[in-house]
Amino acid sequence: MTLLANRVEQIKPSFTLDMVTRAAELKAQGIDVINFSAGQPDFNTPDNIIKVAKQAMDRGDTKYTAGAGTLELREAVCTKVKRENNLIIPYDRVLISNGEKQSLSLACQALFQKGDEVIIFKPYWVSFPEFVTLADATPVFVDTNRNKNFEPDENEIKTKLSGNIKGIIVNSPSNPTGAIWSEKILVKILKLAKRNKLVVISDECYERLVFDKKFISIEKLNQDHNIGANVLTCMSLSKTYSMTGWRIGYSFGDKAIIDGMTKIQSQATSCANSISQAAGVEALLGDQSMVSIMIKKFKERRDLIVFLLNEINGVNCDLPGGAFYAFPNFDNYLGKSFKGKKIENSFDLSNLFLDIAKVVTVPGDGFGAPGHIRFSYPVSKKLISDGIDRVKIILEQLN
Ligand code: PLP
């Protein structure tokens, strides 16, 4: 008998967190590292939110809450989704969790089991396949077209449909590409889901961090086009309000699914953190000006990093519509060598950036996207310029 259960072997550790750890270690040694690996804004949580959290502690909001979340926060979610997403959702179809990561994980636990298959699009956020695997189900990968906004082809999805497919995970705006999928492909996916009785799990973690046009939630498209697909929407306070450490995410959708997720959550963690829930009400209903300031800053940084990356010979980077990631392609450099050592893949290239240039990035192979590297740009414009300069100097030395 082995000490650990098989599921530990079956899943991969989060290598994005691994890069963050390596960056922190180098920094602690006093090394001048430029870190493009963090998946979080570089702003502090806005003061009004912090103030409300302090008041909650003084008031004694330090106890367990209702398993699905406080009524105040669930109602605040309803107000927010009406205001921002134009959706009317009753509070009993909302679940508050310890970060959206938990929402997504619970969704997979509640919906999938052995024998089920779940469609995941490549490039994918690293945790999607692991959530599915932990639920004993099987991820089925569908490629997207990097020359077409990283969108999939409807026919490609159709070829993967079988009686075992039960769900489909969509993440727009996407981590790692930053791409926002067009209404056209989303409507096609919703129709396919309806026809084949698939649940669509829509990870809308970056819904508010969009730069060029207004974001439309997939559930809103579902309603506007009268499709009637079963959509479970998952959203987060982490990125929008720079609250990654507070761990508040939420999901809404079909009551049976929300109830199933709530049941599992009640046995796994009881409820989300009470103080963060109180702060979450302020985040969703209070002053939103910080969000616009953040979006403006991210847009300037996006424009800068994409410009600088495309200036490098042989590097191609699309302009991402949202989130805070640039996802350039380095195919032209694979197969070349640095001081006699061959660069076989994006892991080698990302390691070279780290070892020699002290620039931390995340290799695309880990997102199912060989040849690409993810650059998170919630850093100052000066660091963006210096960091990309360092990358350029290294690339010029490859032969
Ligand atoms: N979904 C995506 C695509 C993400 O990038 C992240 C965090 O990086 C999450 C969900 C989870 O966010 P959180 O658990 O902080 O709410």
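## A helix across the strands

Let's start with helix H6, residues 127-134, which lies across four strands: E3 (117-122), E4, E5 (165-170) and E6. Compare its direction with that of E4, and you get an angle of about 150 degrees. Keep in mind as you look around that this is a predicted model.

## The sheet

Now for the strands themselves. Strands of a sheet pair through backbone hydrogen bonds, and they can do so in a parallel or an antiparallel way. Here, seven strands make up an open sheet with mixed pairing, and their order is E2-E8-E7-E6-E5-E3-E4. Which strands sit at the edges? They are E2 (94-97) and E4 (138-143), each of which pairs on one side only. On average, neighbouring strands of this sheet are turned by 20 degrees against each other, ignoring direction.

Let's zoom in on one pair. Strand E6 covers residues 199-203 and strand E7 covers residues 230-236; the two pair in the parallel sense, over five bridges. If you want a spot to find on screen, look for Ser202, which stands opposite Thr233 in E7.

## Around the ligand

How many residues surround the ligand? There are 14, and the closest are Glu100, Asp203, Ser236, Ser238 and Lys239.

Oxygen atoms of the ligand come up in several contacts. Glu100 uses its backbone: one of its N or O atoms there lies 2.7 Å from a ligand oxygen. Ser238 brings a polar side-chain atom to 2.6 Å from an oxygen atom of the ligand. For Lys239, an N or O atom in the side chain is 2.6 Å from a ligand oxygen. Taken alone, the ligand exposes 390 Å², and the protein buries 92% of that.

Methods: Residues numbered from 1 in each chain as written. Predicted model: local features only at pLDDT ≥ 70, side-chain atom pairs only at ≥ 80, totals over all residues. Heavy atoms only, no water. Pairing = 2+ DSSP bridges. Axes fitted to C-alpha atoms, helices over the stretch in contact; angles between N-to-C directions. Contact = heavy atoms within 4.5 Å. Near = heavy atom within 4 Å. Polar contact = N/O pair within 3.5 Å; in protein donor to acceptor, adjacent residues only side chain to side chain. Areas by Shrake-Rupley, 256 points an atom, 1.4 Å probe, with all protein chains shown as cover.
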